[in-house]
Amino acid sequence: MDLLTANDKQGKYPPSYYAEHATQLEKFPCLKNEIQADVCIVGGGFTGLSTALHLAQSGYKVALLEAQRLGFGASGRNGGQVSGGQRMDQEGLEAMLGNEHAKALWGISQQSVDLVRNLSADMDDCGVVDGIIHTAHRKRYVNEEHAYTDHLRNKYGYDKIRNLSCEETRDLINSPAYFGGTLDMGAGHIDPLRYALGLARKCVDLGVMLYEQSKVIDLKPGDPAKIKTEHGSVSAKFVVLACNGYLGRLNSRVAARVMPINNFIIATEPMSEEAQEALIKNNHAVADSKFVVNYFRFSPDRRLLFGGSESYGYKFPNDIAAAVRKPMLEIYPQLKNTRIDYAWGGTLGITMNRMPHFERIGGNILSASGYSGHGVAMATMGGKMAADAIRGQAEQFDFMASVPSPRFPGGAMLRSPLLVLAMLWFSMRDRL
Ligand SMILES: Cc1cc2nc3c(=O)[nH]c(=O)nc-3n(C[C@H](O)[C@H](O)[C@H](O)COP(=O)(O)OP(=O)(O)OC[C@H]3O[C@@H](n4cnc5c(N)ncnc54)[C@H](O)[C@@H]3O)c2cc1C
């Protein structure tokens, strides 16, 4: 099944706010000959670019093959929220893996946020803006949220998060839809496409061989492994699969564990400073407690970037703007006359237990994906961990690979109808 629209097939970024506002890079060449590399990376999102960057820093000869444009996938289209923790919360991880492993996963997540902050620090067109507010959309969730903050503060010594009462929440976010929440100043938000292109620029400076519109169509394990595109090939000692929701059928083991789903964002017309402050104070980002999470923040030119709504088949809705405007007006009815200037969607990879899926497929092929909507920081870290494993420091990669990663029932072929039913049930619960 082909996930790409006609526009995508021409190797263009989707018409998002990000793509219209980032300084794009000249197109990199399509691979048209046979080359050799120490490491071949498949996929040019945060995972692939971070792997390439960290390996090139250690002097490896790296080739990166991207089917479309660098940052074309989820990395260039997402909500930009850079948050610590894993997609599964610490209490869930403690129950599943025990305290020690849960603590190690917390530590890795905090390193991932630091990594994004450090890597973006010298990018002059983007950087991390501090603060994510997490909001409860039902009164009954507030105590739970506050107890979790206490858990993080007491058990993990994490003191950058604090509880918000209903009044404080509504003062910060002028919406009747929320009843309390938390403010995490250790987390933040970033322009994701600018960040991805910033990573690509660093790769260029370090001599990474970057190829665009070079879709990998076959991967033969071995030493060296043979990676074939439509017009060329790479022989490499190591391969890193960094394809996430766009993997298709390239590897059936990963495809049975990482499933593509779509999520959508709109950008309003620019607003005045006063209008921005009247919706979200202090330029924080927001994410709520719904199963289909609403997440929103302002762009530097003061547009509200509002994400919400998901689809589980292979098609995007015909009218993305209308689909996302609906949840936006539930949060901010005052925006009913505000123009929507951009609407786009992206595909992410989710796993059964919402923990990322790291795997060694044979000795010299690694795969990192399935960040389940929590990948701005963790995909950057996933790339670093894959690079470390190739550099001979495999502890963190192998630790992540040891986290259970069940197959979806039905495997890659039959999982969709079952998952659609489950997701629809959970999303209906948002309304209860
Ligand atoms: C709408 C949306 C909102 C999101 N919001 C957030 C958020 O606010 N915070 C957060 O933490 N996470 C968020 N996420 C998730 C986050 O964007 C991803 O987890 C992260 O970008 C994954 O990076 P990646 O490099 O693994 O995958 P991607 O960025 O998807 O990159 C995979 C790349 O592989 C390429 N590729 C695939 N197959 C091949 C092949 N055969 N040959 C060559 N290239 C190939 C694709 O073209 C693609 O560019 C969101 C995702 C979406 C879609």
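**Exercise 1. The surroundings of M209**

Task: In this predicted model, find which residues M209 touches, not counting residues up to four places away in sequence. Then decide whether M209 is buried, partly exposed or exposed.

Solution:
- Step 1. Start with the contacts: M209 touches I35, Q36 and A37, and also K61, V62, A63 and L64.
- Step 2. Place the residue in its element. M209 belongs to strand β7, which covers residues 209-211.
- Step 3. Look at the accessibility. Buried means under 20% and exposed means over 50%. M209 has a relative accessibility of 21%, so it counts as partly exposed.
- Step 4. Try a distance across the chain. M209 and P15 are 194 residues apart along the chain, and their C-alpha atoms are separated by 27 Å.

**Exercise 2. Looking for disulfides**

Task: Work out how many disulfides the model has, then look at C30 and C126.

Solution:
- Step 1. Fix the test: two cysteine sulfur atoms must lie within 2.5 Å. By this rule the count is zero disulfides.
- Step 2. Check C30. The nearest cysteine sulfur belongs to C40 and is 13 Å away, and C30 is in no disulfide.
- Step 3. Do likewise for C126. Here the nearest cysteine sulfur is that of C203, 14 Å away, and C126 is in no disulfide.
- Step 4. Add the accessibility. C30 is partly exposed because its relative accessible area is 25%. C126, at 10%, counts as buried.

**Exercise 3. The shell around the ligand**

Task: Describe which residues come nearest to the ligand, and find where its oxygen atoms meet polar atoms of N78, G80 and G375.

Solution:
- Step 1. Begin with the nearest residues. There are 37 residues around the ligand, and T47, E66, S75, V216 and V376 come nearest.
- Step 2. Sort the shell by class: 16 residues are nonpolar, 18 are polar and three are charged.
- Step 3. Ask which elements take part. At least two shell residues come from each of α3 (46-57), β15 (340-350) and α12 (375-390).
- Step 4. Find the polar atoms. N78 uses a polar side-chain atom, 3.1 Å from an oxygen atom of the ligand. G80 has a polar backbone atom 3.3 Å from a ligand oxygen, and a backbone N or O atom of G375 lies 2.9 Å from one.
- Step 5. Finish with the cover. On its own the ligand has 1,000 Å² of accessible area, and the protein covers 97% of it.

**Exercise 4. Q86 and P192**

Task: Is Q86 buried or exposed, and is P192 buried or exposed? List the contacts of Q86 and of P192.

Solution:
- Step 1. Locate Q86: it sits in the loop between β3 (81-82) and α4 (90-97).
- Step 2. Apply the cut-off of under 20% for buried. Q86 has 7% relative accessibility, so it counts as buried.
- Step 3. Collect its contacts. Leaving aside neighbours within four places in sequence, Q86 is in contact with L93, L105, S109, M355, P356, H374 and M378. With L105 there is also a polar partner: the side chain of Q86 reaches the backbone oxygen of L105 at 3.2 Å.
- Step 4. Turn to P192, in helix α8 (residues 192-205). P192 counts as buried because its relative accessibility is 0%.
- Step 5. With neighbours within four places in sequence left aside, the contacts of P192 are Y18, F46, S75, N78, G80 and R297.
- Step 6. Compare sequence with space: P192 and A267 are 75 residues apart in sequence, and their C-alpha atoms are 14 Å apart.

**Exercise 5. Unusual backbone angles**

Task: What is the phi of N244, what is the phi of S309, and what is omega for the peptide bond from D223 to P224?

Solution:
- Step 1. Recall the background: most residues other than glycine have a negative phi, and most peptide bonds are trans.
- Step 2. Read N244. Its phi is positive, about 45°, although N244 is not a glycine. N244 lies in the loop between β10 (233-241) and α9 (252-255), and it is buried, with a relative accessible area of 18%.
- Step 3. Read S309. Its phi is also positive, near 80°. S309 is in strand β14 (residues 304-311) and counts as buried at 18% relative accessibility.
- Step 4. Read the peptide bond. From D223 to P224 it is cis, with omega near 5°. P224 is in the loop between β8 (216-220) and β9 (225-229).

Conventions:
Residues numbered from 1 in each chain as written. Predicted model: local features only at pLDDT ≥ 70, side-chain atom pairs only at ≥ 80, totals over all residues. Heavy atoms only, no water. Buried < 20%, exposed > 50% of the residue type's maximum accessible area, 1.4 Å probe, protein only. Helix = DSSP H or I, 4+ residues; strand = E, 2+ residues; numbered from the N terminus. Contact = heavy atoms within 4.5 Å. Near = heavy atom within 4 Å. Polar contact = N/O pair within 3.5 Å; in protein donor to acceptor, adjacent residues only side chain to side chain. Areas by Shrake-Rupley, 256 points an atom, 1.4 Å probe, with all protein chains shown as cover. Nonpolar A, V, L, I, M, F, W, Y, C, P; charged D, E, K, R; others polar.
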